[in-house]
Amino acid sequence: MLWIMRFSGFFSAAMVMIVLSPSLQSFPPAEAIKSSHVDSYLRLPTATHSFDKFSFRRAPAFRNADECRSPKLEKSSVCDPSLVHVAITLDVEYLRGSIAAVHSILQHTKCPESVFFHFLVSETGLEAVVRSTFPELKFKVYYFDPERVRSLISSSVRQALEQPLNYARNYLADLLETCVTRVIYLDSDLVVVDDVSKLWSTSLGKKTIGAPEYCHANFTKYFTQYFWSDSRFSGVFSSRRPCYFNTGVMVIDLAKWRRFGYTRRIERWMEIQKTSVNRIYELGSLPPFLLVFAGHVAPIEHRWNQHGLGGDNVRGSCRDLHPGPVSLLHWSGSGKPWLRLDSKEPCPLDSLWAPFDLHGRST
């Protein structure tokens, strides 16, 4: 175990003790990548929010290895088979987290020129923020209509979990181009401190999704007593060995997803929840994913989702890291690092998120 080192060369926050792997070291400053434009067919509704308060400093350009191809010599299509595809949602409340996540990926990826970002939005104005913060970023914006899923959403233990954009991950296979056959989905409340191409290259075998699994967790708590007492529902797991996994970090085979119609399978469980005499689950968008995929997940190393740093879904209390090396830090739970830092009441590990925060104007 090592005393906390400088994160990416500019960590000046409070000292905490965690387990780090050599892969946490950042690459030298580098040059970034050119962005793509929203397709002309994309029609977005008029924005109702003011984005004046969302000012971000321009990120430094990243080019982390000499052997990477120069972005100035090419115009990569989204269908370029050499690209690493990463999908993240953008919304007003979590924009600061999404920007930090992108920043962390660019800083730690050996060839950031090879990363293509797919941003899922439900309102306008956010593309301009991304473009001004990352002028050379390869990205595309996809509009997710909230009405597509609103009628299927049930109330949850935390209002934030009821937002339609939380369910956009269910529709990646429909939203992204058919030539995109694999994607990494990441939540907005995390930072990547390793080369994301390592996660991209994970073997899924015959499985459709891959994620770190936590088989020691009490799986029964994710569903109600009514669910477990009725074999029509609980029988779905009779031939599986289901384990909890966090849907904030997933590698998804979109070709298999499309072939087997997993979006409709997830929607079907959401319909059952809405029409059943009693609720079968309580916690937002996670349970339908578990119902469809738990027990059929390609396991990924736990280092790729050190989750729960935001505490529980009510109090957002401080948490420690799980034992072992770290490639991704995830503030799942109700406590978000940017809010706790602004309130001057941060948790110790929030200082690991701070170096990637680009919020605020340049001085």
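**Ring pairs, one strand and one helix**

I start with Trp-228, which has 31% relative accessibility and therefore counts as partly exposed. The classes are buried for under 20% relative accessible area, exposed for over 50%, and partly exposed in between, with a 1.4 Å probe and protein chains only. Phe-219, at 8% relative accessibility, is classed as buried.

Before going on, the conditions. This is a predicted model, where local features need pLDDT of at least 70 and side-chain atom pairs count only at pLDDT 80 or more, while totals for chains, interfaces and linings use all residues. Residues are numbered from 1 along each chain as its sequence is written, and side-chain values use heavy atoms, with hydrogens and water left out.

Now the chain as a whole. It has ten helices and 13 strands, taken as DSSP runs numbered from the N terminus: H or I over at least four residues for helices, E over at least two for strands. There are 363 residues in the protein chain, and 59% of them count as buried. Among contacts with a separation of 6 or more, 75% involve residues 24 or more positions apart; contact means heavy atoms within 4.5 Å. The exposed area is about 16200 Å², with 52% supplied by carbon and sulfur atoms. That area comes from the Shrake-Rupley method with a 1.4 Å probe; for residues, only the protein chains shown count as cover.

Next, the rings. The model contains 25 aromatic pairs. Phe-219 and Trp-228 make one of them, edge-to-face, with 6.5 Å from centre to centre and 70° between the planes. Rings of Phe, Tyr and Trp (its six-membered ring) pair if their centres lie within 6.5 Å; planes under 30 degrees apart are stacked, over 60 edge-to-face, and the rest tilted. Both residues belong to a cluster linked by ring pairs, which also includes Tyr-222, Phe-233 and Tyr-244.

What about Trp-257 and Phe-289: are they buried or exposed? Both are buried. Their ring centres are 5.9 Å apart with the planes at 50°, so this pair is tilted. Trp-257 is in helix α7 (residues 254-260) and Phe-289 in helix α9 (residues 286-293), so the pair ties together parts 32 residues apart in sequence.

On to strand β6, residues 182-186, where five of five residues are buried. Arg-182, Ile-184 and Leu-186 point one way from the strand, Val-183 and Tyr-185 the other way. The charged end of Arg-182 sits over the ring of Trp-200, 5.9 Å from its centre; the test is NZ of Lys or CZ of Arg within 6 Å of the ring centre and within 35 degrees of the ring normal.

Which strands pair with β6? Strand β3 (residues 84-90) does so in the parallel sense over two bridges, and strand β11 (residues 249-253) in the antiparallel sense over five bridges. Pairing requires that DSSP finds at least two bridges. In β3, Val-86 stands opposite Ile-184; in β11, Val-249 stands opposite Leu-186.

β3 also helps to cover the buried residues of helix α2, as do α1 (95-108), β4 (115-121) and β5 (139-143). Those buried residues of α2 (residues 126-133) are Leu-126, Val-129, Val-130 and Thr-133. They fall within an arc of 95° seen down the axis, so they line one face of the helix; the arc uses directions from the helix axis to the C-beta atoms.

Last, a backbone item. Lys-344, in the segment after α10 (337-342), has a positive phi, near 65°. Most residues other than glycine have a negative phi. With 72% relative accessibility, Lys-344 counts as exposed.
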